[in-house]
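User: I would like a close look at a single part of this model. Please keep it brisk.

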Amino acid sequence: VEEDMNCIYRDPNEPVEARIRDLLSRMTLKEKVGQMTLIERRVATPDAIKDLSIGGILSACGSGPFQKALSSDWADLADGFQKSALESRLGIPLIYGVDAVHGHNSVYGATIFPHNVGLGATRDADLAQKIGEATALEVRASGIHCTFAPCVAVCRDPRWGRCYESYSEDTEIVRKMTSIVTGLQGQLPHKHPKGYPFVAGRNKVIACAKHFVGDGGTNQGKNEGNTVLSYEDLERIHMAPYLDCISQGVSTIMASYSSWNGCKLHANRFLLTEILKDKLGFKGFIFSDWSGLDRLSEPRGSNYRSCISSAVNAGIDMVMVPYEFKKFVEGLIDLVESGKISMARIDDAVERILRVKFVAGLFEFPFMNRSLLDTVGCKLHRDLAREAVRKSLVLLKNGKDPKKSFLPLDKNAKRIGVFGTHADNLGYQCGGWTIKWSGGSGRITIGTTILDAIKAAAGDETEVVYEQDPSADTLARQDFSFAIVAVGEEPYVESLGDNSELVIPLNGADIISSVADSIPTLVILVSGRPLLLEPLLLDKIDALIAAWLPGSEGGGIADVVFGDYDFKGRLPVTWFKQVEQLPLHVGIDSHDSLFPLGFGLTCKERSLD
Ligand SMILES: O=[N+]([O-])c1ccc(O[C@@H]2O[C@@H](CO)[C@H](O)[C@H](S[C@@H]3O[C@H](CO)[C@@H](O)[C@H](O)[C@H]3O)[C@@H]2O)cc1
C-alpha cells in the first residue's frame, strides 16, 4: 500500500475533484485498466484483486456464499474482497454490485417487493422512494455498495421477456417512478452540481439506471433487439427517464444490449458520449452490461480486441467482463499502448469511477455497517411491500351485473374454494430475478402466498378448501360460497421470456373455466404483462384482478380482496385483445384494446380512469 498516508486522495477534507486528480496522477496504466474491470465473485481471487487493482465485483443474481446464506454471510464475503482491494498498492476500495431490482432479491429472507410493472400500476412516486430506501438498507446490510437498478425501460411491447422490469409503456409513468433513485442514493443536497453523482453515506447505495437507451422499444419486443426510431422519438420516449435519474444524482448508468437503428448501444459513441456525457452532462460512469462487449461480435466473443476498442472508445467506463478478466485487461492495455485507445479516454473513465467511489464514501467506509443486519426482511419493510402490493392490484372486472359488485368478498363466508397454480407458490408470485436469475417455484424464500393470506384473513368459522388443480368431485360440490382462482406465468428472464403467444400458461384458462362453470369466481392473474383473455372466458368469471408479480407479501392481495382496502391500481400498460394487434400501446391508436392504459375499477365506483 502507498506509503504516503498523508497524500491528498486519502484526505476526506480535500475536495473530491482534488482527490481524483491526485490519485489519478499516481496510477499506472495497469492500475487504471484494473479500475475499469468488473468481475463476477466466482473468479475474484485475493491476488487478482490486489495485483490488478480490480475496480468492482458483482454477484450474478443469487451468486452468494451458499444456499440460504444470511446477509451476515454475504457481508463477510464482500468485506473479504474489500480487504484484498485495500491491500493493493494504492488501496483503492472496490465497488461490490448486485441486481437488487425488487428488493435485495438475491438474499434468502430479504423483502421481495412487486416487480416494476406492479409499481407502475400504483403511479406512487413516494412509495417508490420508500422502496428505494428500504432496498438500500437491505443491500448495505449485506456489505454490498451498488445495485444495478432501477431499470427505467419504457416497454412498448409485452412480448419482451423483460416487460415486467419496466414500470410502464408510458414514458411519463416511468419518469415518475424514477424517484426510487432518491430512495436508493439519498436526497440531493441543495445546489448539488448538475449531473454529478451522489450517495448520502453508508446506509445508501450507488444506483444504476438501465439499460441506456431504448431497451424496451425493440422490434416485436425482441430482447437485445433493434429499436428503430428517429432520434427525436428515441429521446422523447426512451431517454426522458434518464434525465430524471441524472437530475437526482444517479451515480451510474448501464448500457443496453440492444441496438438503435442497427447500431449496438455498447459501441454507440454518439449516444454514450456525445449525448449522455456531453449533452446531458452525466458525470458518473457507464457500466457495460454482462459480457456486453462479447455480444458486439458474431460469434459472441470473437474479435474481442476490436470489441474492447469499440466499446471503450464509445464511452463505456467499467466493463462487466465478467469472467475472463485477464483477456480483457491485457487487451485493453495493448490497445492503449498501440494508440487505438487514448490515455485521455482511459483517464476520463477512471476519473468517473473514482468520482463515484469518493462520493459514495468508500474510501472512508469500505466495510459494511454491521448494525444494519436486522433490517433484512424486517417487519417495517414487509409492511411497506404489502402496501405496495395493495396499491399495485388492478381490478378489471367486478361482477357480471354492472349494478352488482362481486368484490369485496366476505372473509367470514362459509366455505371458500382456492384453486390454481399460483395460489400457493411463492416463487411464482415473485417472478424472475428472485434468489436465482431465472427465479424458482415454491418456498424459495420467506414470504406469504396468496393461500397463506386468505387463510390468515378468513374468519374462524370459515372453511378454506385448496386444490391446485381442482377435481371434478370438488367442483361438483355446491356448497362453496365462492372460488378464488390464481393462475399466471412461471418466472422468466430476458430472452427466455420473449413470447409472442401470451396465453395463460400451465392450463390456466382451463382451470378458470372449469371452476367458473360451477362456482362464482374471482380470478387473480399473476403475470409480468397482459395475457390473452378470450371473451368467453372473461364472460364466465365474476371478477378479475391483475396482480402482476407481487413478491413476498401476498397479504396485500387478501387486504383488498376482503375489503380492508379498496383498489387503487390502474393499468400501466394497454391490455390487448389479440396478439396480432401488437404493438398496441399509448402513442399508437390503441382504441381497440380490451382494457386501455389507465383502466382500473374500485369496489365503490365503477372505473378509475
Ligand atoms: O447459461 N445460460 O443459459 C445463460 C443464459 C444467459 C446468460 O446471460 C447472463 O445471465 C445473467 C447471469 O446468469 C446475467 O445477469 C446477464 S443479464 C444482465 O446482467 C446484469 C448483471 O446481473 C444485469 O444488471 C442486467 O440487467 C442484465 O441484462 C446475462 O444475460 C448467462 C447464462
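How many residues surround the ligand, and which are the closest?

Analyst: A caveat before the details: this is a predicted model. In it, 15 residues surround the ligand. The closest are Asp99, Arg162, His211, Asp289 and Glu494. By class, the shell around the ligand holds eight nonpolar residues, one polar residue and six charged residues.

Next, the polar contacts. His211, listed with the closest residues, has a side-chain N or O atom 2.7 Å from an oxygen atom of the ligand. Asp289 is also on that list. Between a side-chain N or O atom of Asp289 and a ligand oxygen, the distance is 2.7 Å. For Lys210, an N or O atom of the side chain lies 2.9 Å from an oxygen of the ligand. As for burial, the ligand on its own has 620 Å² of accessible area, and the protein covers 71% of that.

One helix pair is worth adding for context. Helix α6 spans residues 125-140, and helix α14 spans residues 379-392. Their axes come within 10 Å and cross at roughly 145°. The crossing of α6 past α14 is left-handed. On the α6 side, the contact residues are Leu127, Lys130, Ile131, Ala134, Leu137 and Glu138. On the α14 side, they are His381, Leu384, Glu387, Ala388 and Lys391. Sorted by class, this contact has six nonpolar, one polar and four charged residues.

Terms used
Residues are numbered from 1 along each chain as its sequence is written. This is a predicted model: local features need pLDDT of at least 70, side-chain atom pairs count only at pLDDT 80 or more; totals for chains, interfaces and linings use all residues. Side-chain values use heavy atoms; hydrogens and water are left out. Axes are lines fitted to C-alpha atoms, for helices over the stretch in contact, and angles run from 0 to 180 degrees between N-to-C directions. Helices (H or I, at least four residues) and strands (E, at least two) are DSSP runs, numbered from the N terminus. A crossing is left-handed if the near helix is turned anticlockwise from the far one by less than a right angle, and right-handed if clockwise. Contact means heavy atoms within 4.5 Å. Ala, Val, Leu, Ile, Met, Phe, Trp, Tyr, Cys and Pro count as nonpolar, Asp, Glu, Lys and Arg as charged, and the others, Gly among them, as polar. A residue is near a molecule or strand if one of its heavy atoms lies within 4 Å of it. A polar contact is a pair of N or O atoms within 3.5 Å; within protein, one must be able to donate a hydrogen and the other to accept it, and residues adjacent in sequence count only if both atoms are side-chain atoms. Accessible areas come from the Shrake-Rupley method with a 1.4 Å probe; for residues, only the protein chains shown count as cover.
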